[in-house]
Amino acid sequence: MQRPEAWPRPHPGDGAAGTQARIPAPPAQAGEPSGLREPSLYTIKAVFILDNDGRRLLAKYYDDTFPSSKEQVIFEKNVFNKTSRTDSEIAFLGGMTIVYKSSMDLFLYVVGSSQENELILMSVLICLFESLSHILRRNVEKRWLLENLDGAFLVLDEIVDGGVILESDPQQVVQKVNFRVDDSGLVEQSVAQVSLLRLTLLLWSPTPGTNSSSSFGRSAEGGPGQLVLQSAKEQIKWSLLK
């Protein structure tokens, strides 16, 4: 009697090559690329603030997605129409991720790509709002924003530069903005002081063709001219020592 075979015989002509051909390929490793986007520091496409009618108060765009002002305004209108009547904090429009926050009569928006992490965008939005809240003395509304628009641009420049997030800590942002304002204020103060001194000297200098002793006769005796000049000098001295 013929013994039964334990293993089926390979098909004639297959051999080892045929056996290997039927072995399934190993699965792809988890670390292998699968068409994912390369990480980039340029995470912010735009930041803008609108009033409760959808009109722009402040805006900065960091790439050429909307190259013209007309396209930017149309995009802002579409975003406002989509978000102004909802309670959500995240919206998706035109292949972009948008996080936003309303305050009184203002709407603050931060825009990134559709693949951007919403938490990163939200950290920028929160930093922007809290920094503005500090410099506007908790009055984050249209009137105060328009009166302090230069400071608002300084805040935004400290948070985002060219689409790259520089800072997400509101305290650090406010500290840097205050330093820049104080520095520029010192320059403006110095210019004003020099102008004041020049004006004082011009007013109390003798005119050509007149007797200097008669023009400054009273000043030499402690008259009003000497007092004004001395007062101006004292003001400049003490302001420089502050």
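Helices (H or I, at least four residues) and strands (E, at least two) are DSSP runs, numbered from the N terminus. Keep that in your pocket for the exercises below.

This is a predicted model, where local features need pLDDT of at least 70 and side-chain atom pairs count only at pLDDT 80 or more, while totals for chains, interfaces and linings use all residues. Residues are numbered from 1 along each chain as its sequence is written, and side-chain values use heavy atoms, with hydrogens and water left out.

**Exercise 1. Find the partner of Glu 147 in a salt bridge, and say how the two sit in helix 4.**

Step 1. Fix the cut-off: a salt bridge is a side-chain nitrogen of Lys or Arg within 4 Å of a carboxyl oxygen of Asp or Glu.

Step 2. The partner is Arg 143, with the closest N and O atoms 3.8 Å apart.

Step 3. Helix 4 covers residues 142-147, and Glu 147 and Arg 143 are 4 residues apart in it, so about one helical turn separates them.

Step 4. Check the surroundings. Buried means under 20% relative accessible area, exposed over 50%, and partly exposed in between (1.4 Å probe, protein chains only). Arg 143 is exposed, at 53%.

Step 5. Stay in helix 4 for one more residue, Leu 146. At 44% relative accessibility, Leu 146 counts as partly exposed. Leu 146 and Leu 57 are 89 residues apart in sequence, yet their C-alpha atoms are 7.6 Å apart in space.

**Exercise 2. Work out which parts of the chain the salt bridges of Asp 63 and Lys 60 tie together.**

Step 1. Start with the total: the structure holds 8 salt bridges. Side chains of opposite charge can pair when their charged atoms come close.

Step 2. Asp 63 meets Lys 45 at 2.7 Å, N to O. Asp 63 lies in the loop between strand 2 and helix 2 (69-83), and Lys 45 in the loop between helix 1 (15-21) and strand 1, so this pair ties together parts 18 residues apart in sequence. Asp 63 is partly exposed, with a relative accessible area of 29%.

Step 3. Lys 60 meets Asp 157 at 2.5 Å, N to O. Here strand 2 provides Lys 60 and helix 5 provides Asp 157, so the pair ties together parts 97 residues apart in sequence. Both ends are partly exposed: Lys 60 at 25%, Asp 157 at 26%.

Step 4. Don't skip the network: Asp 51, Asp 53, Arg 55 and Lys 142 are linked in one made of salt bridges.

**Exercise 3. Describe how strand 1 is enclosed and which strands it pairs with.**

Step 1. Count burial. In strand 1, 6 of the 6 residues are buried, so the rest of the structure largely encloses it.

Step 2. Sort the side chains. Ala 46, Phe 48 and Leu 50 point one way, while Val 47, Ile 49 and Asp 51 point the other way.

Step 3. Look for partners (two strands pair if DSSP finds at least two bridges between them). Strand 1 runs antiparallel to strand 2, with 5 bridges joining them. Strand 1 also pairs with strand 5 in the antiparallel sense, over 6 bridges.

Step 4. Use Val 47 as a marker: it stands opposite Lys 60 in strand 2 and opposite Val 110 in strand 5.

Step 5. Follow the hairpin of strand 1 and strand 2. There are 4 residues between the strands, and Gly 54 takes a positive phi near 85 degrees.

**Exercise 4. Locate the largest nonpolar core and the elements that supply it.**

Step 1. Define the object: a nonpolar core is a set of buried Ala, Val, Leu, Ile, Met, Phe, Trp, Tyr and Cys residues joined through side-chain atoms within 4.5 Å.

Step 2. The largest one has 29 residues, and those with the most contacts inside it are Ile 44, Leu 108, Val 110, Leu 132 and Ile 159.

Step 3. Among the elements that each supply at least two residues are strand 1 (46-51), strand 5 (106-113) and helix 3 (118-135). Helix 3 gives the largest share, 8 residues.

Step 4. Zoom in on Leu 108. Not counting residues up to four places away in sequence, Leu 108 touches (heavy atoms within 4.5 Å) residues including Phe 48, Val 99, Leu 125 and Leu 132.

Step 5. Then there's a second, separate core of 16 residues, which includes Tyr 61, Phe 80, Tyr 109 and Val 111.
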